[in-house]
Amino acid sequence: MKTNFTLTDHGQSLTVTLEGCTQYHGRDSIGGMTLGFALVEFAVSRLGAIMGCPLPREGIRFETAFPGPGVQDAVEFTTRAVSRGNWVIVDPDTVPDAPEGVYGRLWFALTTPTHRVVMQIRPGVLSEDFIKTGRQYKSGDRTPELLTHWTELKEGLAKAVENADIETLMDWSIEVIQK
């Protein structure tokens, strides 16, 4: 995965990095944060290539059926969509073909005024063990053994995403928005 990309912020060039995003978020939901960063980087890079210039981050809307804190922080750090009211949680039942996550479904869309990139994580990218352990931990089971295993799984997901071409982990499409 690419660990930095450029957008504009009110006309000024802004390069965001995975390292900066990790410093902003911390490591608690590192797997989701790394995945969220990779998704935004992918969509922004694809649309920037189409438009021939970096995207203005103030025009980005991000929708998801997976409201995980790591993804949310990655989207906020890179696009400020959360604080601008452009972070939208969609009902997971509206995307029934998307694989389940710890909660919700692994479906995402980054939208600009002219284009929309729809991304869906492929089945099996999150293991059954990851989902089961995450749900068990979120339900309140906080044994030291479970916490250790959950931390290892999240760190493993982060490393897997960092070492992969994000395109191999998802299906995606780009739509032109008609005005």
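**Salt bridges and nonpolar cores**

The side chains of Arg 105 and Glu 100 meet in a salt bridge, with a nitrogen-to-oxygen distance of 3.9 Å, in what is a predicted model. Of these two partners, Arg 105 is buried, its relative accessible area being 18%, whereas Glu 100, with a relative accessible area of 39%, is partly exposed.

A search of the whole structure finds eleven salt bridges. In one of them, the side chains of Arg 46 and Glu 167 come together at 2.6 Å, taken from N to O. Because Arg 46 belongs to helix α2 (residues 30-51) and Glu 167 to the loop between α5 and β7 (170-176), this pair ties together parts that are 121 residues apart in sequence. Arg 46 counts as partly exposed at 29% relative accessibility, and Glu 167 likewise counts as partly exposed, at 27%.

A salt bridge also joins Glu 63 to Arg 116, where the closest N and O atoms are 3.2 Å apart. Since Glu 63 is found in strand β3 (residues 61-64) and Arg 116 in strand β6 (residues 115-121), the pair ties together parts that lie 53 residues apart in sequence. Glu 63 counts as buried, at 11% relative accessibility. Both residues take part in a network of salt bridges in which Arg 61, Glu 63, Arg 116 and Glu 175 are linked.

Turning to the nonpolar interior, the largest nonpolar core has 47 residues, and those with the most contacts inside it are Val 44, Phe 62, Phe 108, Leu 110 and Met 119. The elements that give two or more residues to this core are β1 (4-9), α1 (18-25), α2, α3 (69-79), β5 (107-111), β6, α4 and α5, and the largest share, eleven residues, comes from α2. When its neighbours within four places in sequence are left aside, Phe 62 is in contact with Val 40, Val 71, Val 75, Asn 86, Trp 87, Val 88, Phe 108, Ala 109 and Leu 110. Another core, of eight residues, lies apart from the largest one and has among its members Ala 65, Val 88, Ala 98 and Val 118.

Helix α4 (residues 128-138), one of the elements that give two or more residues to the largest core, has Phe 130, Ile 131, Thr 133, Gly 134 and Tyr 137 as buried residues. These buried residues of α4 pack against α5 (144-163). Just after α4, Gly 140 adopts a positive phi of about 115°.

Conventions: Residues numbered from 1 in each chain as written. Predicted model: local features only at pLDDT ≥ 70, side-chain atom pairs only at ≥ 80, totals over all residues. Heavy atoms only, no water. Buried < 20%, exposed > 50% of the residue type's maximum accessible area, 1.4 Å probe, protein only. Helix = DSSP H or I, 4+ residues; strand = E, 2+ residues; numbered from the N terminus. Contact = heavy atoms within 4.5 Å. Salt bridge = Lys/Arg side-chain N within 4 Å of Asp/Glu carboxyl O. Core = buried A, V, L, I, M, F, W, Y, C linked by side-chain atoms within 4.5 Å.
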